[in-house]
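Here is a short note for anyone opening this structure for the first time. Please keep the view at hand while you read.

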Amino acid sequence: MPGNKYNCNPSTPRSRLERLLRERELRRSNLASQPNEDANRHAELSEYFLTDGENLALSGDEDFADGVAAARAFVDGCERQEGRPYKQRLLVVANRLPVSAVRKGEDSWQLEMSVGGLVSALLGVKEFDARWIGWAGVNVPDSVGQKALTKALAEKRCIPVFLDEEIVHQYYNGYCNNILWPLFHYLGLPQEDRLATTRSFQSQFDAYKKANQMFADVVNEHYEDGDVVWCHDYHLMFLPKCLKEHNSKMKVGWFLHTPFPSSEIHRTLPSRSELLRSVLAADLVGFHTYDYARHFVSACTRILGLEGTPEGVEDQGKLTRVAAFPIGIDSDRFIRALELPQVQEHMKELKERFAGRKVMLGVDRLDMIKGIPQKILAFEKFLEENLNWRDKVVLLQIAVPTRTDVPEYQKLTSQVHEIVGRINGRFGTLTAVPIHHLDRSLDFHALCALYAVTDVALVTSLRDGMNLVSYEFVACQASKKGVLILSEFAGAAQSLGAGAILVNPWNITEVAASIGYALNMPADEREKRHHHNFMHVTTHTSQEWAATFVSELNDTIVEAQLRTRQVPPLLPIKGSVDRYFQSSNRLLILGFNATLTEPKDTLGRRGGQIREMELKLHPDLKEPLKKLCDDSKTTIVVLSGSDRSVLDYNFGDYNMWLAAENGMFLRLTTGEWMTTMPENLNMDWVDSVKHVFEYFTERTPRSHFELRETSLVWNYKYADIEFGRLQARDLLQHLWTGPISNASVDVVQGGRSVEVRAVGVTKGAAIDRILGEIVHNKGMKAPIDYVLCIGHFLPKDEDLYTFFEPELPCEVPVQTIPRPTSVPTPVNPSLPKISTGKSGSKGSRLKKQRSLSTLEKRANIGIVNAWRPTLMRDRMSLHEGSSVLDLKGDNYFSCAVGRKRSSARYLLKSSDDVVTLLKELAEGGEPMPVNSESEAMPLNSDGVAVPLDSEGVAVPLDSEGVVPLNSEGVVPLNSEVGEQSTENI
């Protein structure tokens, strides 16, 4: 069967962990073989170091090998003939380029490299040939300036994206900084002037999408086969979708440098669903911490209704890997800097300046999330409670100005200055003050010296993606071994928490007590704490972070390729349609729910539970179905798990066969319902299971259960995802230990449902009996030479797909065929009469029809073996010209709708694709004769149907009441009994 097998090279590591470990060793060996970084690359770094690496981190993009073979070659460490490792081209896409551009003339520009966490990370990774794509930070409206800047940036391996002032205002200042950034840092959406915010929101979001498309256009222009694109941060959440829509084979990773909020915060965003789905277009999604990754997966499950797995988020068989990748710093750069003469000179000056006093240090952007007021207030409380420390400790607070034109930031600056002035006036003297506050940044050497002489570093972020100041402090503390006080709301707390003192920055008393503990900490404890953090900082570097992310991205592509090989290919619609018109007796087996209904997404999440629960035929299918049903060469069966009333309501006006409750009830729309259940079917378990389902429905908001005549279904699709899963687990435990512990039932678990059926009730098992009835009723004389089977079925019911597979092994043939009968008989008395809101009246509508139990009695054969062995024997005789089924392998099309993990041959993405297919089939069909009564078989005196030959003459039965076989053991053409196939919901 196409698309279900994959042959692996035995020399290739098969597990993901094996591949990653092998690549890790390869990477380390490459580093060992090239110990010295090219000095020219670090010479490009600026003298000035921006203090907060997390917020400065620009975006980086990686190159990846083309296809599984190249990916495996990379994993296996394949080398070029010259002995050098394969070098990937990496496209790093960020909002800003790692350079500052200043225009010096009409066609001349001055460029200066910036240094941040991501810049250092990718400069230290030698396996990749990196290119940077981003906005240069300046408006260049003229083509001359754009060409000159593009040429200048090319020398720095950078590619500009030109954004005009209006786009920058709406996209960057508006949507990014005014909507996404506050929301992701738990500050919520703008509260002031709500009406104005509402009116401007859509225009800002439109600008955001437009800007992301502009980034995508530049990426597409420079993309080469085999490249890997690494998108960064909340500015470019729409970019993965734009890239994948242009080239679905592009390898795309996305990394967020800020926190990702809980689903309860994210769901307040009006564009919540669009952004989540856009990010999910990436192959790998990365975050700094596990908490952020968990929040993202939770948002996808609760808002989008997708399935969260330990590996990430799954949507219709496509898995987007979600993982945590804590960023680091270039620790060697800081350690080497401490040996420089200018840094040693700075350290000497600082030691002399603060001799006899403990030095506490804070380095932050002047931002609401950095908790600077809380830090200073905690220091004030410490001075209040510890009189002996008032002249022995000093706090140096470096506050780098940011967004100085925004009123909120201006207000924050005034507040900080006021608190600092009050504390210095209260506790200061003529010669010394307790707080030194600087509203400016420091150059790299001065900052390293300050880190080195500090006794206690104080990081009190209210919410921070990572905060690399803590890493930089640890890297510079090899001799002093100072203490780190770190906010538990900073991402770095998960990495450095063991060696740091973790605090809640909102708890001023706790922070003040931690300051006292840090200042009085014994030397041995300080050394142990520092050693732990120092080892982490020096091993989990920015270079290692980048290499690890790319390694995971490479392996994700390998896993996706392996998974793709196991996914059925898309249905070749043209080929299936051509085969359809070339055949003379066609059988179409169609599911209903999610196959012939409208896609749920068209209703949106606000479509309403009640509306979605009412299954209705796709409006675009009414005309094609009518044409197909009127085609004399085509037989249509709608096979569903729904009850009879649902099928009657939707298909009562069509000339087709309806099979309800997984085939347990059957009727031609011009006839009455009949049951195909065996008379010994035991349904005594129904009442006890019903009580359990009622109990859990009452205690699980928005869940419901359906009471059918052959099964019960508890559905928690609309309930809270996590609570629904817990309740389902508890429900199953109650069932297995009580009502069904000794019952002959099957428990079928769907994505968000639990169904209890009688044993053996599946669509595949029912298709035998259904086809037998169809062939008997229509008196088919031509063999079925085309079968199309389409549905969105549970795995339990996918035996329907494999029923018609010609290459399947055959069962032992039998030499008799049970006599078909159409004598009306009472409905199986062992089946309890169950009434529900929907189907309460269907018992009265179910008239006395022919039951399979009658067939059992007259043929003296068990129901299970009544029809299928015969059909299996017919399949054995396919190449001998079987009169019942003449189905070649390429005339059978089984299609799963929206379910990529399937045993079907092919895949259709949604019911919209089903509409397209059936419209194609509906063109050119032959009309069915108006009078079709002659197709029914006549009955003999015993009420048994008598098969007719090709001339309409009754075929005599043998002494045992069965149709005789010819010398080859095949049913003669004029007595063919027919085939069977069914489909799911």
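The points below deal with aromatic contacts, a helix and a cavity.

1. A word before you start: this is a predicted model. It holds 33 aromatic pairs. One of them joins Y175 and F201, whose ring centres are 5.7 Å apart with planes at 55°, so this pair is tilted. Y175 belongs to helix α7 and F201 to helix α8, so the contact ties together parts 26 residues apart in sequence. Both Y175 and F201 are buried.

2. Do look at F255 and W545 as well. Their planes stand at 80° and their ring centres are 5.2 Å apart, so the pair is edge-to-face. F255 sits in strand β7 and W545 in helix α22, so this pair links parts 290 residues apart in sequence. F255 is buried at 0% relative accessible area, and W545 counts as buried at 3%.

3. Y175 and F201 also belong to an aromatic cluster, together with Y171, F205, Y208 and F238.

4. Two arginines are worth finding. R463 lies over the face of Y186, 3.8 Å from the ring centre, and R644 lies over the face of F665 at 4.4 Å.

5. In helix α11 (residues 272-279), the buried residues are R272, L275, L276, S278 and V279. They span an arc of only 165° around the axis, which places them on the same side of α11.

6. Finally, the cavities: seven have a volume of 30 Å³ or more. The second largest, of about 60 Å³, has a lining of four nonpolar, four polar and one charged residues. Helix α21 contributes the most to that lining, with three residues.

Technical notes. Residues numbered from 1 in each chain as written. Predicted model: local features only at pLDDT ≥ 70, side-chain atom pairs only at ≥ 80, totals over all residues. Heavy atoms only, no water. 1 Å grid on protein atoms, 1.4 Å probe; cavity = no way out; pocket = protein on both sides within 12 Å on 5 of 7 lines; lining within 4 Å. Points joined across faces, edges and corners; volume = space filled by probe spheres on them. Helix = DSSP H or I, 4+ residues; strand = E, 2+ residues; numbered from the N terminus. Nonpolar A, V, L, I, M, F, W, Y, C, P; charged D, E, K, R; others polar. Buried < 20%, exposed > 50% of the residue type's maximum accessible area, 1.4 Å probe, protein only. Arc of directions from axis to C-beta. Phe/Tyr/Trp six-rings, centres within 6.5 Å; stacked < 30°, edge-to-face > 60°. Lys NZ or Arg CZ within 6 Å of the ring centre and 35° of its normal.
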